[in-house]
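Please look through the sequence and the model shown here before reading on. The report that follows takes up strands, helices, empty spaces and a few single residues in turn.

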Amino acid sequence: MMTAAGPDPRRYAPATQRNRDPILAVLREVLPATGTVLEIASGSGEHAVFLAGSLPELIWHPTDPDPDNRASIRAWIAESGVTNVTAPANLDAAARAWPVTHADAIVCVNMIHISPWAATLGLMAGAGRTLPTGAPLYLYGPYKRDGRHTAASNEDFDQSLRAQNPDWGVRELEDVRVAAAEAGLTLDEVIEMPANNLSVVFRRG
């Protein structure tokens with residue numbers, strides 16, 4: 001959950017502080033040395049400014065459909081002083097057309113389980129349209145594997161998500177792989193992460 005402090009538009013997602021360094025370590029191996037990274041569902045913007053500041057040779061392009069999140073992203077950019085982050089775009093992953101037509105990589109952190117399945121299908125379709133051959137789509141979050149949760153805490157989390165919105169929930173990784181394959185993306189690697197999360201890397205075929 002994200003919170004904001006008074007009139008300050010910056011939002012805070014507690015998980016960001018815990019997962020940003022492990023995510024950065026994987027992205028250093030996955031992302032191209034230069035180019036534009038399109039971030040889908042950037043949320044508070046904390047990841048955007050941290051990752052962009054740590055990867056200065058890349059241009060980071062955050063997006064989010066929520067205007068309050070975009071205000072938070074703009075505020076984090078201004079506060080951080082990073083210069084390789086663009087203004088946030090209004091992008092709904094489920095939309096049939098995106099306002100961005102090319103990216104050298106796509107990053108999506110903690111969206112798939114906190115959105116309807118249509119957002120995952122749209123993410124895959126959009127990545128298939130936007131990425132060049134061989135370019136990565138990086139996902140981070142909890143997943144079920146072989147029909148089972150990877151930890152009891154993930155099962156509890158899944159139940160809490162579905163109680164908030166029946167269209168949300170921890171997804172089966174194989175279902176995500178199939179959706180990606182239908183959009184021309186191939187599963188490249190799955191990396192175990194702290195707190196029972198996974199980094200999942202697809203490549204545009």
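In which sense do strand β7 and β9 pair, and over how many bridges? Strand β7 (residues 143-145) and β9 pair in the parallel sense, over two bridges. In this report two strands pair if DSSP finds at least two bridges between them, and the elements are DSSP runs numbered from the N terminus, with helices (H or I) of at least four residues and strands (E) of at least two.

This is a predicted model, in which local features need pLDDT of at least 70 and side-chain atom pairs count only at pLDDT 80 or more, while totals for chains, interfaces and linings use all residues. Residues are numbered from 1 along each chain as its sequence is written, and side-chain values use heavy atoms, with hydrogens and water left out.

**Strands and a crossover**

The bridge partner of Tyr-143 in β9 is Arg-171. Strands β7 and β9 belong to an open sheet of three strands with the order β8-β7-β9 and mixed pairing. Its edge strands are β8 (148-149) and β9 (171-172), each of which pairs on one side only. As a general point, strands of a sheet pair through backbone hydrogen bonds, either parallel or antiparallel.

Another parallel pair is formed by strand β3 (residues 35-40) and β4, which are joined by five bridges. Within this pair, Gly-35 stands opposite Leu-58 of β4. Between the two strands the chain passes through helix α2 (residues 46-54), and this β-α-β crossover is right-handed; that is, with the strands pointing away from the viewer, the path from the first strand over the helix to the second runs clockwise.

Strand β4 (residues 58-62) is mostly covered, with four of its five residues buried. Here buried means under 20% relative accessible area, exposed means over 50%, and partly exposed lies in between (1.4 Å probe, protein chains only). Helix α2 is largely enclosed by the rest of the structure, because eight of its nine residues are buried. Among these buried residues are His-47, Val-49, Phe-50 and Leu-51. The buried residues of α2 pack against β2 (11-12), α1, β3, β4, α3 (67-80) and β5 (105-109), where contact means heavy atoms within 4.5 Å.

**Pocket and cavity**

Rolling a probe the size of a water molecule over the atoms shows where empty space is left. On a 1 Å grid over the protein atoms alone, a cavity is a set of points where a 1.4 Å probe fits but cannot get out, a pocket is an open set with protein on both sides within 12 Å along at least five of seven lines, and lining residues have an atom within 4 Å of a point. Grid points are joined across faces, edges and corners, and a volume is the space filled by probe spheres set on the points.

The largest pocket holds about 1,300 Å³ of space. Of the 44 residues that line this pocket, the closest to its centre are Val-109, Asn-110, Met-111, His-113 and Ile-114. Two or more lining residues are given by each of α1 (14-30), β3 and α5 (152-164), and the largest share, six residues, comes from α1. The lining of the largest pocket has 24 nonpolar, 14 polar and six charged residues.

The count of cavities of 30 Å³ or more comes to one, and the largest cavity has a volume of about 60 Å³. Residues that line this cavity include Asn-110, Tyr-143 and Arg-171. Strand β6 (residues 136-141) gives the largest share of the cavity lining, three residues.

**Single residues**

Which residues are exposed or partly exposed, and in which elements or loops do they lie? The table sets out four of them.

| Residue | Location | Relative accessibility |
|---|---|---|
| Asn-110 | loop between β5 and α4 | 25%, partly exposed |
| Asn-196 | loop between β10 (185-193) and β11 (197-204) | 33%, partly exposed |
| Arg-129 | helix α4 (residues 117-130) | 42%, partly exposed |
| Thr-34 | loop between α1 and β3 | 51%, exposed |

Phi of Asn-110 is near 55°, a positive value in a residue other than glycine, and phi of Asn-196, also a residue other than glycine, is positive and near 60°. Leaving aside residues up to four places away in sequence, Thr-34 touches Glu-57 and Leu-58, whereas Arg-129 touches Ala-95, Arg-96, Ala-97, Trp-98 and Thr-101.

Key. Ala, Val, Leu, Ile, Met, Phe, Trp, Tyr, Cys and Pro count as nonpolar, Asp, Glu, Lys and Arg as charged, and the others, Gly among them, as polar.
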